[in-house]
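Here are my notes on the model you sent. They are set out as numbered points, going from single residues to the whole chain.

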Amino acid sequence: MGIVSEFRQFVARGNVVDMAVGVIIGLAFGQIVSSLVSDVVMPPIGLLIGGVDFSDLVIVLREAENGVAAVTINYGVFIKRVVDFLIIAAVVFAAIKMIARLQHKEEAKPAEPPAPSNEEKLLAEIRDLLKARQDG
């Protein structure tokens, strides 16, 4: 039972839950970026280089014969994946820079000293009265 309870405690920690949420959001974000690259970025680039669909860019190593599929190197799909990666990397870089900047601003603010408690105020008044009595 020790291992099960340790595992439950590990999973219940905030960092693990935060990480799981981050992975799920990251996967969803990856799909959005893939769609952005495939459906928005690559068509104009393909149009600029002569109406090429990048998924059609292949090097045929062996033609299809007798029901056996062709053997190809799909470098157009690879180019799409590289563009996906570059966009995701740029967004993550920008997000990390923004978070670091916000954290730096929070650290730069000096903390205000806490207000004296009622006991401290009363003690200060008593001290001042005793001091005034001794001087006068």
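1. A residue counts as exposed when its relative accessible area is over 50%, as buried when that area is under 20%, and as partly exposed in between. Arg127, with a relative accessible area of 53%, is therefore exposed. Please keep in mind throughout that this is a predicted model.

2. Which residue does Arg127 pair with? Its side chain meets that of Asp128 in a salt bridge, with 3.2 Å from N to O. The partner Asp128 has a relative accessible area of 43%, so Asp128 is partly exposed. The structure holds one salt bridge.

3. Side chains of opposite charge can pair when their charged atoms come close. Asp84 is a case to set beside the pair above. Asp84 is buried but has no salt bridge. The nearest side chain of opposite charge belongs to Arg81, at 4.2 Å. A salt bridge requires a side-chain nitrogen of Lys or Arg within 4 Å of a carboxyl oxygen of Asp or Glu, so 4.2 Å does not qualify.

4. Where does Asp84 sit, and what does it touch? Asp84 is part of helix α3, which covers residues 75-108. Leaving aside residues up to four places away in sequence, Asp84 has contacts with Val33, Ser34 and Val37.

5. Pro113 is found in the loop that links α3 to α4, the latter being residues 118-135. With a relative accessible area of 70%, Pro113 is over the 50% cut-off and therefore exposed. From the C-alpha atom of Pro113 to that of Val92 the separation is 37 Å, for 21 residues along the chain.

6. On the overall fold, the protein contains four helices and two strands. Along the sequence their order is α-α-β-β-α-α. The radius of gyration is 32 Å, whereas the globule rule gives 14 Å for 136 residues, so the protein is more spread out than a compact globule. Along the principal axes, the C-alpha atoms fill a box of roughly 115 × 55 × 20 Å.

7. How much of the protein is buried? Buried residues account for 9% of the 136 residues. The accessible surface is about 11,600 Å², and carbon and sulfur atoms hold 66% of that surface.

8. Two whole-chain values remain. Of the contacts between residues at least 6 apart in sequence, 39% connect residues at least 24 apart. The protein has 13 positive and 16 negative charges, and the mean positions of the two sets lie 6 Å apart.

Notes: Residues are numbered from 1 along each chain as its sequence is written. This is a predicted model: local features need pLDDT of at least 70, side-chain atom pairs count only at pLDDT 80 or more; totals for chains, interfaces and linings use all residues. Side-chain values use heavy atoms; hydrogens and water are left out. Buried means under 20% relative accessible area, exposed over 50%, partly exposed in between (1.4 Å probe, protein chains only). Lys and Arg count as positive and Asp and Glu as negative; His and the chain ends are not counted. Contact means heavy atoms within 4.5 Å. The radius of gyration is taken over C-alpha atoms; the globule rule is 2.2 Å times the number of residues to the power 0.38. Accessible areas come from the Shrake-Rupley method with a 1.4 Å probe; for residues, only the protein chains shown count as cover. The place of a charge is taken as NZ of Lys, CZ of Arg, CG of Asp or CD of Glu.
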